[in-house]
Amino acid sequence: MDTRPDWLSLDSDETVVWSGAPRIRRVLPTAAVAALWIALLALGVSLGPQSVPVPASALPGTLLAVGAVLLALPAVAAVVGSYLRTTHVEYVLTDRGLYRKAGVVSTRVSRVDLSAVERTSLSKGVWGNVFDYGTISISTAGSDGVDLRFTDLDDPNPVRTEIRRLIGADRIRRGADAGAPIDAATADALLDEFGALRAAAARVDRAVSER
């Protein structure tokens with residue numbers, strides 16, 4: 001595929017391989033908590049006058065209703081905000097790099113070149129294993145942590161496989177340009193080795209600093 005989003009600026013010879021977004025169902029936990037809170041408020045409005053002394057129960061019912069609405073507004077805002085933040089995130093994978101677009105009011109685009117990627121990892125929680133969704137984390141050489149995340153993707157394994165394939169193809173292309181071509185399997189193995197060496201160096205550095 002080569003469908004280029006309006007927010008994405010690519011080189012003339014750069015091709016879109018995959019595009020996606022977080023699963024919309026990530027909003028459900030926030031919506032569930034908000035619904036429970038609103039239900040409790042409604043229950044309080046209906047039972048409140050019966051559980052307080054008589055003088056207090058003489059207060060107009062509209063006053064309790066207005067108070068409940070005001071207390072419910074933050075919950076509704078949280079759901080709307082979570083929905084907007086989710087629907088305004090997009091991911092794109094090209095034959096040259098990885099892109100993440102986010103932002104409701106203003107747009108922020110993050111980019112990582114395939115040539116700079118040192119390690120990719122896939123994490124799934126308990127529910128992620130059950131419903132097959134997870135987060136792909138991308139780290140680059142010289143970085144102390146994760147540089148880019150494709151969060152809450154449905155069926156993330158093929159996406160990570162494609163990322164690793166493109167990294168291998170990029171290694172082959174750059175090796176050919178340098179006059180020392182390597183095959184995809186070698187490039188993939190080197191990527192894993194580089195990641196293991198970096199992790200080992202980090203462990204040694206932490207051990208030395210703790211002494």
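This passage walks through the fold, one sheet, the salt bridges and a nonpolar surface patch of a predicted model.

Starting with the overall layout, the chain contains six helices and seven strands. Read from one end of the sequence to the other, these follow the pattern β-α-α-α-β-β-β-β-α-β-β-α-α. The chain runs to 211 residues, and 29% of them count as buried.

One piece of the fold that is easy to pick out is an open sheet of three strands, ordered E5-E6-E7 and paired in the antiparallel sense. Strand E5 (117-123) and strand E7 (148-154) sit at the edges, each pairing on one side only. Ignoring direction, neighbouring strands here are turned against each other by 15 degrees on average. As a general point, strands of a sheet pair through backbone hydrogen bonds, in either a parallel or an antiparallel way. Between E5 and strand E6 (residues 133-140), the antiparallel pairing runs over six bridges. To take one position, Ser121 has Ser137 of E6 as its bridge partner.

Turning to charged pairs, the structure holds eleven salt bridges. One of them joins Arg25 to Asp154, with the closest N and O atoms 3.5 Å apart. Arg25 belongs to the loop between strand E1 (16-20) and H1, while Asp154 is part of strand E7, so this pair ties together parts that lie 129 residues apart in sequence. Arg25 counts as partly exposed, at 43% relative accessibility, and Asp154 is also partly exposed, at 37%. The Arg25 contact thus involves an edge strand of the sheet described above, namely E7.

A further salt bridge links Glu118 and Arg119, whose closest N and O atoms are 3.8 Å apart. Here the two partners fall into separate accessibility classes: Glu118 is buried, with a relative accessible area of 10%, whereas Arg119 is partly exposed, at 30%. In the salt bridge between Arg171 and Asp170, the closest N and O atoms are 3.9 Å apart. Arg171 counts as buried at 13% relative accessibility, and Asp170 is buried too, at 5%. Elsewhere, salt bridges with shared partners join Glu14, Arg111 and Asp113 into one network.

On the surface, a nonpolar patch of about 800 Å² is made by Leu36, Trp37, Ile38, Leu40, Leu43, Leu47, Leu71, Val76 and Val80. Helix H1 (28-47) and helix H3 (61-87) are the elements that give two or more residues to this patch. Of these, H1 gives the most, with six residues. Leu36 is one of the patch residues and is found in helix H1. With a relative accessible area of 54%, Leu36 is classed as exposed, because that value is over the 50% cut-off.

Helix H3 also offers a contrast to this exposed position, in the form of Thr86. Thr86 has a relative accessible area of 4% and is therefore buried, the limit for that class being under 20%. A polar atom of the Thr86 side chain lies 2.9 Å from the backbone oxygen of Ser82. Helix H3 thus holds the buried Thr86 as well as giving residues to the nonpolar surface patch.

Notes:
Residues numbered from 1 in each chain as written. Predicted model: local features only at pLDDT ≥ 70, side-chain atom pairs only at ≥ 80, totals over all residues. Heavy atoms only, no water. Patch = residues over 30% accessible without salt bridge, like charges linked within 9 Å, V, L, I, M, F, W, Y side chains within 5 Å. Areas by Shrake-Rupley, 256 points an atom, 1.4 Å probe, with all protein chains shown as cover. Salt bridge = Lys/Arg side-chain N within 4 Å of Asp/Glu carboxyl O. Helix = DSSP H or I, 4+ residues; strand = E, 2+ residues; numbered from the N terminus. Buried < 20%, exposed > 50% of the residue type's maximum accessible area, 1.4 Å probe, protein only. Pairing = 2+ DSSP bridges. Axes fitted to C-alpha atoms, helices over the stretch in contact; angles between N-to-C directions. Polar contact = N/O pair within 3.5 Å; in protein donor to acceptor, adjacent residues only side chain to side chain.
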